[in-house]
Amino acid sequence: MKSIRFRLVLLLFVTTLQISCTKNDDEIDLSALTETTYEYSKIELDILDLVNKHREDVGLLPLDKLDIISAVAFEHTDYMAKVNRVNHDFFAERQEELVTKAKAKSVGENVAFGYSTAEEVVSAWLRSTSHKSLIENPNFTHFGVSTKQNSNGINYFTQLFIKQ
């Protein structure tokens, strides 16, 4: 009798677990993940405008600003400011986060430090072949940017591009 009761309880538990944990991929609503609000500074907005102006000047479509991208960029900018070193550390994690939260199919990243204005940092990126190639990549559809000044007054920048 105990054996039958145990089996029935176990069967009920397993059935409940399967029902509650099973969901089709097409039923998952990712829109809630992209509802991030990011407060842009003037220099960040200027960077976004300058990049889009350059893209238009070379015959490319402008990129759409996406707050979740800037929020992910800020995590890295904050990290660089704390360690006082410009870097691409943990890029794979940022890429994966954007694949999940922004439905990114590809991701690119520009970083910089030490510049005081949007014009200076965008100009520096455009003088660098690798940075310019990301700005001018016709496949990217969205972008975001963040800046942060460290305790020594040095500005750090992260710009992320994605293709959705």
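**A four-stranded sheet, its helices and its salt bridges**

In this predicted model, four strands form an open sheet in the order β1-β3-β4-β2, and their pairing is mixed. The edges of the sheet are taken by β1 (64-65) and β2; each has a single partner strand, so one side of each is left without a neighbour in the sheet. For β2, a partner is strand β4 (residues 155-163), and the two pair in the antiparallel sense over eight bridges. A handy place to begin looking at this pairing is Ser106, which stands opposite Lys163 in β4.

Helices are found against this part of the sheet. Helix α5 (residues 118-127) packs on the sheet and touches β2 and β4, its direction making about 120° with that of β2. Helix α4 also lies across β2 and β4, and runs at about 130° to β2.

Helix α4 and strand β2 also bring the salt bridges into view. Arg94 and Glu109 form one of them, with their closest N and O atoms 2.7 Å apart. This pair links distant parts of the chain, since Arg94 belongs to helix α4 (residues 91-102) and Glu109 to strand β2 (residues 106-113), with their positions 15 residues apart in the numbering. Both Arg94 and Glu109 are buried.

Helix α2 offers further examples. Lys42 and Asp46, both in helix α2 (residues 42-57), are four residues apart, about one turn of the helix. Their side chains meet in a salt bridge with an N to O distance of 2.9 Å. Lys42 counts as exposed because its relative accessibility is 62%, a value over the 50% cut-off. Asp46, with a relative accessible area of 22%, is partly exposed.

A second pair in this helix consists of Lys53 and Asp57, whose salt bridge has its closest N and O atoms 3.1 Å apart. Here too the residues are four apart in helix α2, so about one helical turn separates Lys53 from Asp57. Lys53 counts as partly exposed because its relative accessibility is 46%, whereas Asp57, at 54%, counts as exposed.

Not every salt bridge is described here as a simple pair: Asp78, Lys82 and Lys148 are linked in a network. Across the whole structure, the search finds eight salt bridges. Among them are the buried pair Arg94 and Glu109 and the helix α2 pair Lys42 and Asp46.

Key:
Residues are numbered from 1 along each chain as its sequence is written. This is a predicted model: local features need pLDDT of at least 70, side-chain atom pairs count only at pLDDT 80 or more; totals for chains, interfaces and linings use all residues. Side-chain values use heavy atoms; hydrogens and water are left out. A salt bridge is a side-chain nitrogen of Lys or Arg within 4 Å of a carboxyl oxygen of Asp or Glu. Buried means under 20% relative accessible area, exposed over 50%, partly exposed in between (1.4 Å probe, protein chains only). Two strands pair if DSSP finds at least two bridges between them. Contact means heavy atoms within 4.5 Å. Axes are lines fitted to C-alpha atoms, for helices over the stretch in contact, and angles run from 0 to 180 degrees between N-to-C directions.
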